[in-house]
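Work through the exercises below with the structure open beside you. Try each task before you read its solution.

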Amino acid sequence: MADPHATAARPVAPLPEDSRPPGATAALVLADGTIFWGRGAGAQGVAIGEVCFNTSITGYQEILTDPSYAGQIITFTFPHIGNVGTNPEDVETITPAVRGCVLQAEITEPANWRASRHLNDWLEGNNLVTITGVDTRKLTRRIRDGGAPIGALIHDPSQSIDTRALLEMARAWPGLEGMDLAREVTCGQTYSWDETTWVLGEGYGLQQDPKYHVVAMDFGAKRNILRCLAAAGCRVTVVPASTSAEEILAHKPDGIFLSNGPGDPAATGDYAVPVIRQLLDTGKPMFGICLGHQMLALALGATTSKMHLGHRGANQPVQDLASGRVEITSQNHGFVVDRESLPEGVVETHKSLFDGSLEGIRVEGKPVFSVQYHPEASPGPQDSHYLFQQFIELIAAHR
């Protein structure tokens, strides 16, 4: 497996400055010295992070506001991004944590009845550096074959672009392995959530008659996860990532939810895993998604590792091993639970049909389960919405 950080110790190679096309106002410089030139969009400035790709053909606003993308620069494989504009409803967090994005085609004028703002204006307003005009197929193949590289992205209308300085920035960035990013995206204080899922012609609703109370540990929670919990009949209390078990239990929850989030689960697990272990001892129903799934596995005694190629898109096939049913899922993760590390009493429930990696677990004899993918979607298919109902059934049975 190629090591995306292996270039850091090598001497700086000469950069192909003569390849710069006339009028280029943006560049993406990878840590191996590869340069992608283009035209800038969104905010001006420099962004440094891990360069990944997402294969979704819809939902770019939800993708760009997913807190799990903290520390990353997203390459969209779908060429036409921006054609439906943006709106104030399709956001998964108020302040995007993604570093920037890479597009093939220039951003077009919006053509959608829900659009209220041009994507370029939205990107600029959210301080997201963007490059357009890039051969995203070539970049995607580079990521596929060599692993996700570190890159430095610049947008400078004056065309004063120092590629050597950008290369040094990319090589100096430490990478996501060992990085705790949940602290950057978690909520600052405890709050209540009662907004339910979106309905055509009605918008978002409110949960006014909840039957159960769920405490959600926020490691970078997407809003639609909270909406799905509320729509399933829950009053939701959201707590910061570093909240203690005693504080969580003081809320008297019927169930505990472990959210998605960015970064290395082992790093976040330094403070979250001991809390999760204490919560497991209470016997309360527990459900984890993505980073929450990974940290639940760590709390149970398993291990996690950085993937050569993460899963990011809304067309990921996953098989339920009990029923044989295949779900098309939305995913965004670069770390995975190591199957061979699962301890006795922890059962694999789902697997990826792309690369065979582990996608879900449950604890035998306990109301505890988790999945690697995103059943709340946004964007993506809703094949896996049933998992929220499964959580509710466990809560009802153990209340």
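**Exercise 1. Sort the lining of the second largest pocket by class, then locate the pocket.**

Solution. Step 1: the lining of the second largest pocket divides into ten nonpolar, four polar and five charged residues. Here Ala, Val, Leu, Ile, Met, Phe, Trp, Tyr, Cys and Pro count as nonpolar, Asp, Glu, Lys and Arg as charged, and the others, Gly among them, as polar.

Step 2: the volume of this second largest pocket is about 310 Å³. Of its 19 lining residues, Pro 67, Thr 93, Ile 94, Val 185 and Ala 221 are closest to the centre. A pocket is found on a 1 Å grid over the protein atoms alone: it is an open set of points where a 1.4 Å probe fits, with protein on both sides within 12 Å along at least five of seven lines, and lining residues have an atom within 4 Å of a point. Points are joined across faces, edges and corners, and the volume is the space filled by probe spheres set on them.

Step 3: helix H5 (182-185), strand E8 (191-193) and helix H6 each supply at least two lining residues of the second largest pocket. Helices (H or I, at least four residues) and strands (E, at least two) are DSSP runs, numbered from the N terminus.

A note on the source: this is a predicted model, in which local features need pLDDT of at least 70 and side-chain atom pairs count only at pLDDT 80 or more, while totals for chains, interfaces and linings use all residues. Residues are numbered from 1 along each chain as its sequence is written, and side-chain values use heavy atoms, with hydrogens and water left out.

**Exercise 2. Describe the largest pocket: its space, its centre and its lining.**

Solution. Step 1: the largest pocket holds about 580 Å³ of space. Of its 27 lining residues, the closest to the centre are Glu 62, Asp 90, Arg 114, Ser 378 and Pro 379.

Step 2: at least two lining residues each come from helix H1 (60-64), strand E9 (195-199) and helix H6 (223-231). H1 gives the most, with three residues.

Step 3: by class, the lining of the largest pocket has seven nonpolar, 13 polar and seven charged residues.

**Exercise 3. Trace the salt bridges that link distant parts of the chain.**

Solution. Step 1: side chains of opposite charge can pair when their charged atoms come close. A salt bridge is a side-chain nitrogen of Lys or Arg within 4 Å of a carboxyl oxygen of Asp or Glu. By this rule there are 14 salt bridges.

Step 2: take Asp 32 and Arg 142, whose side chains meet at 3.2 Å, N to O. Asp 32 sits in the loop between strand E1 (26-30) and strand E2 (35-42), Arg 142 in helix H3 (residues 136-146), and the two are 110 residues apart. Asp 32 is partly exposed because its relative accessible area is 27%. Arg 142, at 21%, is partly exposed too. The cut-offs are: buried under 20% relative accessible area, exposed over 50%, partly exposed in between (1.4 Å probe, protein chains only).

Step 3: now take Lys 222 and Glu 376, which meet in a salt bridge at 3.0 Å, N to O. Lys 222 is in the loop between strand E11 (212-218) and H6; Glu 376 is in the loop between strand E19 (368-371) and helix H10 (386-398), 154 residues apart. Both Lys 222 and Glu 376 are buried.

Step 4: Asp 254 and Arg 399 form a salt bridge at 3.5 Å, N to O. Asp 254 lies in the loop between helix H7 (245-250) and strand E13 (255-258) and Arg 399 in the segment after H10, so the pair ties together parts 145 residues apart in sequence. Asp 254 is buried, at 17% relative accessible area, whereas Arg 399 is exposed, at 62%.

**Exercise 4. Decide whether helix H9 is enclosed or open, and say what follows H9.**

Solution. Step 1: nine of the ten residues of H9 (residues 291-300) are buried, so the helix is largely enclosed by the rest of the structure. Among the buried residues are Leu 291, His 293 and Met 295.

Step 2: Gly 301 follows H9, and its phi is positive, near 110°.
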